[in-house]
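Subject: Structure handover

Hello,

Here is the structure we talked about. Please load it first, then read the notes below.

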Amino acid sequence: MRARYISNDENIFKISQIHIIDKETSTDVINWVTTTLSYFSNEINEFLVMRNKFVKSLMNSSFSEAAKLLDEIEHKFGKTFWSLTNKMILVYFKKDLAEFNRISKEMQLLEHSYSKSRIGYEVVRCNRNISAERYVFSIGKMIEEVRLDGVFHAIDTICYRHLFDPSANYESIINIYKNDYDIRIIDQYISYLRFVLYLKNCNLLSDESESTLEQLNLIIDDKELKNLVSNMRNFNGNRINEGQVLYQKIIMLYLEESYEEVVNLCERTLVEEPNLSVIYIPYAKSLIQLGKYCSFNNVLGEIINLIINITLDNDTENSLAQLMKISQVLNDYNWSFILNCVLASYNGEGDSNTHKKYSFVDLCSLNNNIMDLDELSKDIINNESIPEWRKNKYTADHLYHLTEYEQALKYYKMLNSRDESYARSKIIQCYYKLGNTDKANEIMATELLKETNPKTLPIKIIVNDIIKNLTFTTDNNKLLNSAIILHYYNQYISNDYTQPLSDICENYFNNLGIFEYHEIKFENPNINTFLLERILNLEVLDGMSTFFNTDSEVLLFRVSINRILLSNLASYNIEKRNFIFEEARSLLNKIVINLCSHEAGAGRIYIDKTSIRNKINDEVKNDLDILKKYEERDLSYQIQDADEESDALFYSSDNEFFNGVMALLYKITNAYTLDKLYGLDQSLNMGIRHGGFVNLLWAPLKRNNISAKKHDENKFSPNPVWRTDFGYFKDSILDGIDNALVEFNKKANAIINQAKNKVHIDTGEFGYNSKLFEFSLEPDYQASVASRIDSLSAETLIDDVFLYLDKQTNEKMAIARGEFVDSIEKDMFEEIKKLKDKLESDGLDVIAIQRAVSKSKDELKESFIQLRTWFDWAKQTKTNFDLNVALKKAESAASQYYPWLKFNLSGYNNSTSNFLGQYFTDTVMILTLILDNSL
């Protein structure tokens, strides 16, 4: 039995099940696993002692000691998912790139596919070059793929394994756990403890299971298990331990505002117990009150200082990204979810499930929390040393937790002068919960106009309510508040609601008796100036279909607004001036592109390089300046096959300078490929994936009435029109036709969805050759940039990388136009042939259906011809041109940009040279800029 659960085989999930649990209850699962754990109680206890030492060494940045402990743990308990993952966690914090690369290569060579897959995602999670947001994206794409395959039950499993959230509702939690509970004994205990903690936190733990856990608690010495058991309703033992007493003392000192004492006590404690995460927040906030940062020069100090920066709104976005990455890296540790709690205050969701996140951490860290909101603590309320405002905050949170929103609101309003950031979010939520959404929206809009960080407000909740209840109204104050909120949501959270914002703006102007765009003027005192200055951007104006008929009208109207802003620069602060100048440059660029589009083809690939340059220039300059200071510039690297079955290669370097160059190049690459507003993925998303790809291929089937009725979860049923068109046939034939066409629709849907899912970008987080637009930075190119680093400026480096990536984009578009579309066409036509053969062989050879199928095939051919044209540069001509043509276009662009000026160009161009069409737009842009500078 020991050989089964303790092994040195790195294929850690390669283990045959010896017991299958047929019942669906958690009690049966817990009973069975507890039996196995009890048998290995001595080994588990020994591991827990060593793990605690490892965590202490890790968080204190004693990396050599931590590595030694990991080796000892593997020597005693074999290879485990925990040990392999923590090796990567260790090298992440150690920033040991050479060791990380070595481990990554080893994991790529695992023979067992499931073990390789599970560990592979841990490699991505702990990769310093992959952001937390990108990791979440890669998991999201995995979820999308299983959804397209119809394996919906796997979605919860993926989320539980890779993005565990203690506040989430995993409907199939029993099956998730049952699927791989029978694993190495160390992993079995760790996964078992998280499972029972989750069940207890969700009130899903049965009385029988609690009794089982009490018995296990007698033989396994684990603080988390003991805290869990002490929180169970039938527990009669001693609830108070040393950690509990310490926590309560720190909390009381914090509430009494004895910040110096809090800091001293926390620092003495955290040196020995750096994973006592329940004191991270009071410690960080006490340091803030003292005007200090954490002095620990270790992993723990990095975490505390990130919390401080986020709380102070200092470099917030960068600090949130770093803390989110650390939270992901430490995800396997239950105590680390206090970081998830901090992040939850900055996700725009308000109090959504926040209490469950905190209670999960409390459950594994404390016997009970004196700050628990179920019941007010007399020790706090009756303590005269605690300021009244803190008691009010505590009482307000208690009342809010009990859904007494009216009473809670009164207390939150008292906090505006002491804890304004927290109070304003809660006040908005109270009004929302009370059904007074107009008041909630008014306060939200007011706060946003004060430049309050939208992520600290419950903006997602409010936006969902606005969208859900969007309807025509004569109340312009309500419309303006909604417009402001949607604008900030689109700008800072996700650009999901541009069209609803356009509809609101149309409603707003119609209420003022304005129905033509030329009637929208700054001089009108009834029009809010922020609406004109910021909200009416090109995307919003484009959605105002009753006001604008053409793209040119939209563009020129925005130019007219920008001109007024430029003429009043002195009245704006530096940030708004920069915005106005940037918009002026962008509008001029769009005028040129719009004019040149008449000579262009039907391509849909466009990257707004000007906007990307302006967006990343400062950050690239800072990183470049740091790299130029390196004296040690080793440019060597190693190349190795990713695995024996593919042609994929990856390379690595042990040199910090070389890897720094790689990180900078990937930063530029990510902006080029992944930027949500200006990058390639925006084109793929809006221009192709959600810009008609599916409809283009479904349209022939729909037009000829051979498309089935589609339902949720990719299920199909017979189209009622079939019975109408072919109702004179007998039922057996009609049933056969129904079945054949439904089956064809299933196959066609799978082909189209799988193809659509390939039209994505991959910069290294997906499997080899799994996405159409794969981008990689060849080591030779990186070495070339590294060797020229001193001669490069931020601008020249960005342009250099853009040219390099343009070449790759051209190659990918050629593949898309060729083998990618060819493959979809081949698969679709094969299914059409099978459908025809099926109808004929089963005696269902109805002439009308055969004609409809044949016509669909002919129309599909046209669709595929059109699809090929999409995979090309937008606004770009392939026809050669001479300089006079470009000059005329530039003159036209300048005339649109300066409509009040009349000017003539003098001189003569006698050039007879022709230029390649691909440079037409850029040439016009250069000439336009020359004219712009002259004017």
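How many disulfides does the structure hold? Zero. Keep in mind that this is a predicted model. Take Cys341 as an example. The closest cysteine sulfur to its own is in Cys364, 10 Å away. A disulfide needs the two sulfurs within 2.5 Å, so that pair is too far apart for a bond. Cys341 is also buried, because its relative accessibility is 0%. Cys505 counts as buried too, at 1%.

Confidence

Mean pLDDT for the protein is 86. Of its residues, 91% reach 70 or more. Among the elements, helix H3 (residues 41-59) has the highest mean, at 97. Strand E2 (residues 649-652) has the lowest, at 52. Please watch residues 641-650, where pLDDT stays under 50. The model still has 20 contacts for that stretch beyond four places in sequence. Where pLDDT is low, predicted coordinates should not be read in detail.

Cores

The largest nonpolar core has 125 residues. Which of them touch the most other members? They are Phe93, Phe195, Tyr280 and Ile303. Helix H11 (residues 185-201) gives this core its largest share, eleven residues. A second core is separate and has 82 residues, including Ile427, Ala894, Phe920 and Val924. As background, nonpolar side chains in soluble globular proteins tend to be buried together.

Phe195 is worth a look in the viewer. Setting aside neighbours within four places in sequence, Phe195 contacts Ser26, Val29, Ile30, Tyr160, Ile173, Ile174 and Tyr177.

Helix packing around H2

Helix H2 (residues 26-39) appears in two helix pairs here. Start with H2 and H12. Their axes come within 9 Å and cross at roughly 10°. Angles under 35 degrees count as roughly parallel, so H2 and H12 are roughly parallel to each other. On the H2 side, the residues that meet H12 are Ser26, Thr27, Ile30, Asn31, Thr34, Leu37 and Ser38. On the H12 side they are Glu208, Ser209, Thr212 and Leu216. Ser26 and Ile30 are also among the contacts of Phe195.

Now H2 and H3. These axes come within 5 Å and cross at roughly 75°. The range 65 to 115 degrees counts as roughly perpendicular, so that is how H2 and H3 are classed. Leu37, Ser38 and Tyr39 in H2 meet Ser41, Glu43 and Ile44 in H3. Leu37 and Ser38 are thus listed in H2's contacts with H12 and with H3.

Two residues with positive phi

Most residues other than glycine have a negative phi. Two residues here go the other way. Asn203 has a positive phi of about 60°. Glu257 also has a positive value, near 65°.

Where does Asn203 lie? Its place is the loop between H11 and helix H12 (207-217). Is Asn203 buried or exposed? Asn203 counts as exposed, because its relative accessibility is 69% and the cut-off is over 50%. In sequence, Asn203 and Phe81 are 122 residues apart. In space, their C-alpha atoms are 28 Å apart.

Glu257 sits in the loop between helix H14 (242-255) and helix H15 (259-272). Its relative accessible area is 25%, so Glu257 is partly exposed.

Buried polar and charged positions

Helix H18 (residues 316-329) holds Ser327, and Ser319 is in H18 as well. Ser327 counts as buried at 8% relative accessibility. Ser319 counts as buried at 2%. Not counting residues up to four places away in sequence, Ser327 touches Leu339, Asn340 and Leu343. On the same basis, Ser319 touches Leu306, Asn309, Ile310 and Asn314.

Arg424 lies in helix H24 (residues 420-433). Why does Arg424 count as buried? Because its relative accessible area is 15%, and buried means under 20%. Leaving aside neighbours within four places in sequence, Arg424 is in contact with Glu447, Thr452, Thr456 and Leu457. Arg424 and Lys857 are 433 residues apart in sequence and 60 Å apart in space, C-alpha to C-alpha.

Best regards

How values were computed. Residues are numbered from 1 along each chain as its sequence is written. This is a predicted model: local features need pLDDT of at least 70, side-chain atom pairs count only at pLDDT 80 or more; totals for chains, interfaces and linings use all residues. Side-chain values use heavy atoms; hydrogens and water are left out. pLDDT is the predictor's confidence in each residue, from 0 to 100. Helices (H or I, at least four residues) and strands (E, at least two) are DSSP runs, numbered from the N terminus. Contact means heavy atoms within 4.5 Å. Buried means under 20% relative accessible area, exposed over 50%, partly exposed in between (1.4 Å probe, protein chains only). A nonpolar core is a set of buried Ala, Val, Leu, Ile, Met, Phe, Trp, Tyr and Cys residues joined through side-chain atoms within 4.5 Å. Axes are lines fitted to C-alpha atoms, for helices over the stretch in contact, and angles run from 0 to 180 degrees between N-to-C directions. Angles under 35 degrees count as roughly parallel, over 145 as roughly antiparallel, 65 to 115 as roughly perpendicular and the rest as oblique.
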